Amino acid sequence: AFTRTVSLRPGGVVSVLSGDGVRVLLLRSHADFGVGLEGMAVASEGAAHIRLIECSMTGNVALGSGGMLSLRSSNASTLRVEGCVFSHNMCKIGGVLHIDGPIKSFDFVRTVFSGNLATDAGTLNIESDGGWRGSLRNVTVLSSKSTGYGGFAKISGDGTLEIERVLFSSCESLGGGVLHV
């Protein structure tokens, strides 16, 4: 468990600054009530392959982007999140996840997002070209809010998002209550 973590740099728990093929696995981890710059669980600037399995991340505050996960310039990176809970996390852009730059794929499976808040993109913010593929399967989204665009997600760039068996409830924003594309 990582509780009350304070980070003055990206990546409150794990920071990947460079390198290709770095593998990050967080298994049954808890990251709660941390404060930092961005990506309180994982911040990556390299081509990383990240998996989070049965994790819980609650009440974290990031001053920048990507409340829990921040992936920047992550060419050919992959992200897979299974059986996790992200609740009451906040930041400026992307309450849980911010992707800025090319990514190969991201998948959220059997995951719950509850009460996440951001100025833009309440839960997910994706700014990526290059034909990415993302999926949300068996996901629950409760009370995701943005004071800007995309109550749940704000997406720009060339890619495909597959949504299957997802419940959206009480998502709010100025534009795109659930999705702003």
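Trainee: Why is Arg110 called partly exposed?

Mentor: Its relative accessible area is 48%. Buried means under 20%, exposed means over 50%, and partly exposed is what falls in between, using a 1.4 Å probe and the protein chains only. So 48% puts Arg110 in the middle class. Bear in mind that this is a predicted model: local features need pLDDT of at least 70, side-chain atom pairs count only at pLDDT 80 or more, and totals for chains, interfaces and linings use all residues. Residues are numbered from 1 along each chain as its sequence is written, and side-chain values use heavy atoms, with hydrogens and water left out.

Trainee: What makes the place of Arg110 a loop?

Mentor: Arg110 falls between strand E16 (105-109) and strand E17 (112-114). Helices (H or I, at least four residues) and strands (E, at least two) are DSSP runs, numbered from the N terminus. Across the protein that gives 0 helices and 24 strands.

Trainee: How do you know which residues Arg110 touches?

Mentor: A contact needs heavy atoms within 4.5 Å. Not counting residues up to four places away in sequence, Arg110 touches Glu82, Gly83, Cys84, Arg137 and Asn138. Asn138 sits 28 residues away along the chain, yet the two C-alpha atoms are separated by 4.8 Å. Over the protein, take the contacts between residues at least 6 apart in sequence: 87% of them join residues at least 24 apart.

Trainee: You mentioned Cys84. What makes Cys84 and Cys55 too far apart for a bond?

Mentor: A disulfide is a covalent bond between the sulfur atoms of two cysteines. The cut-off used here is a pair of cysteine sulfur atoms within 2.5 Å. The closest cysteine sulfur to that of Cys84 belongs to Cys55, and it is 4.3 Å away, so there's no bond. In fact, the structure holds 0 disulfides.

Trainee: Are Cys84 and Cys91 buried or exposed?

Mentor: Cys84 has a relative accessible area of 1%, so it counts as buried. Cys91 is at 9%, so it is buried too. Buried residues make up 51% of the 181 in the protein.

Trainee: How do you know that His98 is buried?

Mentor: His98 has 3% relative accessibility, so it gets the buried label. His98 is part of strand E15. Beyond its neighbours within four places in sequence, His98 is in contact with several residues, including Ser65, Leu69, Arg72, Asn125 and Glu127.

Trainee: What joins the side chains of His98 and Asn125?

Mentor: A polar contact of 2.8 Å. The term covers a pair of N or O atoms within 3.5 Å; within protein, one must be able to donate a hydrogen and the other to accept it, and residues adjacent in sequence count only if both atoms are side-chain atoms. At 2.8 Å, then, the pair is inside the limit.

Trainee: How do you know that E15 and E19 are joined?

Mentor: Two strands pair if DSSP finds at least two bridges between them. E15 (residues 97-100) and E19 (residues 124-127) have 4 bridges and run parallel, with Ile99 standing opposite Ile126. E19 also pairs with E22 (residues 153-156), again parallel and over 4 bridges; there, Leu124 faces Ala153.

Trainee: What makes E3 and E24 edge strands?

Mentor: They belong to an open sheet of 7 parallel-paired strands in the order E3-E7-E11-E15-E19-E22-E24. E3 (14-16) and E24 (179-180) each pair on one side only. E3 is joined to E7 (residues 42-44) by 3 bridges, and one bridge partnership is Ser15 with Ala43.

Trainee: Why is the pair of Phe108 and Phe113 called edge-to-face?

Mentor: Rings of Phe, Tyr and Trp (its six-membered ring) pair if their centres lie within 6.5 Å; planes under 30 degrees apart are stacked, over 60 edge-to-face and the rest tilted. The search finds 6 aromatic pairs. For Phe108 and Phe113 the centres are 5.4 Å apart and the planes are at 65°, so the pair is edge-to-face. Both residues are buried, and they belong to a ring cluster with Phe86, Phe106, Trp132, Phe152 and Phe168.

Trainee: What is the phi of Glu54?

Mentor: About 50°, a positive value although Glu54 is not a glycine. Most residues other than glycine have a negative phi. Glu54 is in the loop between E8 (47-53) and E9 (56-58); at 40% relative accessibility, it counts as partly exposed.
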